[in-house]
Amino acid sequence: MAKYSPQIFKTSIFGQPMAVICGAAGNKFLFSNETKLVTSWWPDSVNKIFPSSTQTSSKEESLKMRKMLPTFLKPEALQRYIGMMDLIAQRHFENSWEGKEEITVFPLAKGYTFWVACKVFLSMEDPTQVSKFSQPFNDLASGIISIPINLPGTPFRRGIKAAETVRKELIGIIKQRKIDLEEGKVAPNQDILSHMLLATDENGQFLNELNIADRILGLLIGGHDTASASITFIVKYLAELPHIYNEVYNEQMEIARSKEPGELLNWEDIKKMKYSWNVACEVMRLAPPLQGAFREAIHDFTFAGYSVPKGWKLHWNVNSTHKNADYFPEPEKFDPSRFEGNGPAPYTFVPFGGGPRMCPGKEYARLEILVFMHNVMKRFNWEKVLPDEKIIVDPMPMPAKGLPVRLFPHKA
């Protein structure tokens, strides 16, 4: 941006000529011209790991998926999952945090978000089944955004193998669920899997098993990797900023004190977590779990005085606004008050994207993050074991050693 133009510059990514469109005006332009001038584009590695998305094209798939998900992921539908997320969080802390002096946050955060995803999407909750199932997902996640070289030992080959393993497992679960639905053993609205098995497309056709398996696979990846990165950075910033920790602690303890023993969190409690969510948003501004996304030009167009030819790939990047002093004064300073009142200007805070392709799981992520914050604040204070731990980006920002922390349980 400094070298060429703060609005647009060209480069090459994955061997494709690419225009990088920057700033709030750039975000607005891309988000509001979805399907008019631009459409989504994925690197080859994604299409090869998700073969069913190439039969119909990942664009059609994601459109169908988007039609199907909102009913399931809108706030009203998700409210009934809050208690269940709370229960999983409690079991997660009992199994993995309590009684330990030191833990490593990132792998544990992944365990928690994956467990929640398995429960919401598949009604799978047995911890041993969940952890067996989660092993291949790490290989899958690193294979998706890797150079697509299919040789033994490459992240890409490991990603393809992991996808096959998970797909097999999912098809088994899908076959069993079909039987259970026919025999009336499970409710049709029990989870996303039942919802998909009973849904039909515009021609009245049911989805085939491979398509359902791939969709669930995509959801499980989208539903746990990004949220676990955000949770890890929330723990990191709260360790570094005691005054912020205290504010969040006070808000969460007020909620905890209002509950009867054994009573689970509910929608009313979530609505009281305003400051906690501002903190989470400021964390996602400084350490966005997703760096941006790709599009493809479906027509020639002009933006900011430059012409972009049809077929060119485009990239928008969160940091062109999140770290920009024009939109966020003192961008490196941690300041949750940026999100008070009306919050940041439109198209400047975009951790979930925007426009018709905005992340459909935004509300789901909010609940899962807040339930985690409530449970961790209620139990512990903590400090970083490695004060100067480096942050690496692969493809998400990550503390290089997974953020080891020393735990200090609150006195009862």
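A residue counts as buried here when its relative accessible area is under 20%, as exposed when that area is over 50%, and as partly exposed in between. Keep that definition at hand for the exercises below, which work through a predicted model.

**Exercise 1. Helix α6 and its buried residues**

Task: Find which residues of α6 are buried, and what they pack against.

Solution.
- Step 1. Start with the helix itself: α6 covers residues 82-96, 15 residues in total. From its first C-alpha to its last it reaches 21 Å, close to the 21 Å expected at 1.5 Å a residue.
- Step 2. Apply the definition. The buried residues are Ile82, Gly83, Met84, Met85, Asp86, Ile88, Ala89, His92, Phe93 and Ser96.
- Step 3. Look at the spacing with the helical repeat in mind. An α-helix has 3.6 residues a turn, so residues three or four places apart point the same way. Among the buried positions, try following Met85, Ala89, His92 and Ser96 along the helix.
- Step 4. Identify the surroundings. The buried residues of α6 pack against the helices α5 (75-78), α7, α14 (267-271) and α17, and also against the strands β4 and β9.

**Exercise 2. The five-stranded sheet**

Task: Work out the strand order of the open sheet, and explain why β1 and β3 stand at the edges.

Solution.
- Step 1. Read the order across the sheet: β1-β2-β8-β5-β3, with mixed pairing.
- Step 2. Count partners at the ends. β1 (8-13) and β3 (38-40) each have a single partner strand, so one side of each is left without a neighbour in the sheet.
- Step 3. Add the twist, which averages 35 degrees from one strand to the next.
- Step 4. See what covers the sheet. Helix α1 (residues 23-32) packs on it and touches β2, β3 and β8 (313-317). The direction of α1 makes about 130 degrees with that of β8.
- Step 5. Zoom in on one pair. β1 runs antiparallel to β2 (residues 16-21), with six bridges between them. Within this pairing, Phe9 has Val20 of β2 as its bridge partner.

**Exercise 3. The partners of β12**

Task: Name the strands that pair with β12 in the antiparallel sense, and give a bridge for each.

Solution.
- Step 1. Take β4 (residues 102-104), which pairs with β12 (residues 404-409) over three bridges, antiparallel. One of the bridges joins Thr104 to Pro404.
- Step 2. Now take β9 (residues 380-384). This strand is also antiparallel to β12, over five bridges. Here Trp382 is bridged to Leu407.
- Step 3. Look just ahead of β12, in the loop that follows β11 (397-399), and you will find Leu403. Leu403 has a positive phi of about 65 degrees although it is not a glycine. With a relative accessible area of 1%, Leu403 is buried.

**Exercise 4. Two nonpolar cores**

Task: Determine which residues have the most contacts inside the largest nonpolar core, and which helix gives the largest share of this core.

Solution.
- Step 1. The largest nonpolar core has 97 residues, and Leu122, Phe133, Leu220 and Trp382 are those with the most contacts inside it.
- Step 2. Helix α7 (residues 105-122) contributes the largest share, twelve residues.
- Step 3. Inspect Leu220. Beyond its neighbours within four places in sequence, Leu220 is in contact with Phe114, Ala117, Cys118, Phe121, Leu122, Phe133 and Phe137.
- Step 4. Apart from the largest core lies another, of 17 residues, including Leu30, Val38, Val318 and Val350.

**Exercise 5. Buried or partly exposed?**

Task: Classify Ser276, Cys359 and Leu290 as buried, partly exposed or exposed.

Solution.
- Step 1. Ser276, in helix α15 (residues 274-286), has 0% relative accessibility and is therefore buried. Setting aside neighbours within four places in sequence, Ser276 is in contact with Val248, Glu251, Gln252, Leu370 and Met373.
- Step 2. Cys359 sits in the loop between α16 (319-322) and α17 (362-379). Its relative accessible area is 33%, so Cys359 is partly exposed. An unreviewed UniProt entry lists Cys359 under "binding site".
- Step 3. Leu290 belongs to the loop between α15 and β5 (292-297). At 42% relative accessible area, Leu290 is partly exposed. Beyond neighbours within four places in sequence, Leu290 is in contact with Thr226, Val318 and Pro351.

Technical notes: Residues numbered from 1 in each chain as written. Predicted model: local features only at pLDDT ≥ 70, side-chain atom pairs only at ≥ 80, totals over all residues. Heavy atoms only, no water. Pairing = 2+ DSSP bridges. Helix = DSSP H or I, 4+ residues; strand = E, 2+ residues; numbered from the N terminus. Axes fitted to C-alpha atoms, helices over the stretch in contact; angles between N-to-C directions. Contact = heavy atoms within 4.5 Å. UniProt positions renumbered as here; feature names shortened; annotations may be inferred. Buried < 20%, exposed > 50% of the residue type's maximum accessible area, 1.4 Å probe, protein only. Core = buried A, V, L, I, M, F, W, Y, C linked by side-chain atoms within 4.5 Å. Expected span 1.5 Å × (residues − 1).
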